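Q: Before any pocket or core is discussed, how should a model like this be read? Please take the features one at a time.

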Amino acid sequence: MPIWKKQSAAAQQMDILLFDAFSLQCLANVVEPMRAANKLAQQTLYKWRVLTLTGASVCSSSEMEIHAQGQLSEAAGDTLFVMPSYGFADLSTPVTHRALRAAERRYTCLAGLDTGAWLLAGAGLLDGYRATLHFDEFERFSETFPKVSAQRHRKVLDRNRITCSGALAAFELMLDLIGQTHGQALRLDVSALFMGAEQTGPESAARIYSTNTSRVIELMQRNLETPLPLSVLSQRLDLSQKELERRIKTELGIPPRTLYRHLRLSQAHRLLMTQDLSIAEIALRSGYENASAFTRAFRLAYHTTPRALRKGR
């Protein structure tokens, strides 16, 4: 069963190996979730560096130059994200392969994003692993590397290898990694920063949760000021209350009441950090008619009072 909240782990070093013509969107979808996780947790959970094979700058497919913070041969860490994007076939050279094979000994996990799996497979680092890559190149990939178990999925996590099919899948992947390491509560909060309530439903371009869980979260988010009883939630979702409880607990590791309370207090936290509304008004907007009850619930969740949080803002 998923863990809702985990004790903070040591900060992870997440390095990103870029090549010319890399996807800027893919890069942002890796880095921004980590930045958001650090901010929401109010501590350094993730550190990251941009690397290249030589330490030289690279230019994205949209012609934006990125300065490398180091060269691959001198770096080590927890996870290495390999991100070639366009022109990947020409980058699959003996020099690249040797550099990646050497890096495997210095990183706990290797991740191929977008077309990154092609370079890892070329280096023999995906032999015997399940993997995916951008669907436009999937057939060629499966034919070129028969020792790799090619899977037509958006993302594949197999032991210490991770692959995904593109920029949107990279965002989903980062949320998954945040949830696995730090719990589903932080995963939910990070996704909420980038996706409004109207985007978390089953028609979202980037599916973050199962259809039923997305529908539950969407309905709860639209009714934070006046929380709905679970019986009403169940009726609107055409589920029994028992089935609602089972599905949420299976996917998030908590009962629906805990999820609803978390969404309400998360909204209160955002309002306290970004607006100058009174504490009483924020309490009302978060579904608490009694400001004292709101303060008690907030302190239990965030280990500080609303007033103290605002003062430290």
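**Confidence, pockets, cores and burial**

A: Start with confidence by element, as this is a predicted model. Mean pLDDT is lowest among the elements for helix H8 (residues 211-221), at 87, and highest for strand E7 (residues 107-112), at 98. Over the protein the mean pLDDT is 90, with 94% of residues at 70 or more.

Q: Over which residues does pLDDT stay under 50?

A: That applies to residues 197-206. The model still has 22 contacts beyond four places in sequence for residues 197-206.

Q: What is the volume of the largest pocket, and how many residues line it?

A: Read a pocket by volume, then by lining. The largest pocket has a volume of about 880 Å³. Its lining has 29 residues, and those nearest the centre are Lys5, Asp189, His262, Ala301 and Tyr302. Two or more lining residues come from each of helix H1 (24-41), helix H7 (184-194), helix H11 (256-274) and helix H13 (291-302). The biggest contribution is that of H11, with seven residues.

Q: How many residues of each class does the lining of the largest pocket have?

A: The lining of the largest pocket splits into 13 nonpolar, 11 polar and five charged residues.

Q: Which residues line the second largest pocket?

A: Arg35, Lys39, Leu40, Gln42, Leu193, His269, Arg270, Met273 and Thr274 do. The elements that give two or more residues to this lining are H1 and H11, and the largest share, four residues, is from H11. The volume of the second largest pocket is about 250 Å³. By class, its lining has three nonpolar, three polar and three charged residues.

Q: Turning to the interior, which residues have the most contacts inside the largest nonpolar core?

A: For a core, take the residue count, then the residues with the most contacts, then the elements that supply them. The largest nonpolar core has 33 residues, and Ile16, Leu18, Val30, Phe81, Met83 and Leu113 have the most contacts inside it. At least two residues of this core are supplied by each of strand E1 (12-18), H1, strand E2 (46-52), strand E6 (77-83), E7, strand E11 (161-164), helix H6 (167-182) and H7. H6 gives the most to this core, with nine residues.

Q: With which residues is leucine 113 in contact, leaving aside its neighbours within four places in sequence?

A: The partners of leucine 113 are Cys26, Val30, Phe81, Val82, Met83, Pro84, Cys164 and Leu173. There is also a second, separate core of 27 residues, which includes Leu51, Leu110, Leu120 and Leu126.

Q: Why is H8 described as largely enclosed by the rest of the structure?

A: Count the buried residues in the helix, then ask what they pack against. H8 is largely enclosed because eight of its 11 residues are buried. The buried residues of H8 are Thr213, Ser214, Val216, Ile217, Glu218, Leu219, Met220 and Gln221. They pack against H7, helix H9 (230-236), helix H10 (241-252) and H11.

Q: Loops can be read in the same manner. Is serine 286 buried or exposed?

A: Locate the residue, then check its accessible area and its contacts. Serine 286 lies in the loop between helix H12 (279-285) and H13. With a relative accessible area of 0%, serine 286 is buried, the cut-off for that being under 20%. Beyond its neighbours within four places in sequence, serine 286 is in contact with Leu224, Arg264, Gln267 and Ala268.

Conventions: Residues are numbered from 1 along each chain as its sequence is written. This is a predicted model: local features need pLDDT of at least 70, side-chain atom pairs count only at pLDDT 80 or more; totals for chains, interfaces and linings use all residues. Side-chain values use heavy atoms; hydrogens and water are left out. pLDDT is the predictor's confidence in each residue, from 0 to 100. Contact means heavy atoms within 4.5 Å. On a 1 Å grid over the protein atoms alone, a cavity is a set of points where a 1.4 Å probe fits but cannot get out, and a pocket is an open set with protein on both sides within 12 Å along at least five of seven lines; lining residues have an atom within 4 Å of a point. Grid points are joined across faces, edges and corners, and a volume is the space filled by probe spheres set on the points. Ala, Val, Leu, Ile, Met, Phe, Trp, Tyr, Cys and Pro count as nonpolar, Asp, Glu, Lys and Arg as charged, and the others, Gly among them, as polar. A nonpolar core is a set of buried Ala, Val, Leu, Ile, Met, Phe, Trp, Tyr and Cys residues joined through side-chain atoms within 4.5 Å. Buried means under 20% relative accessible area, exposed over 50%, partly exposed in between (1.4 Å probe, protein chains only).
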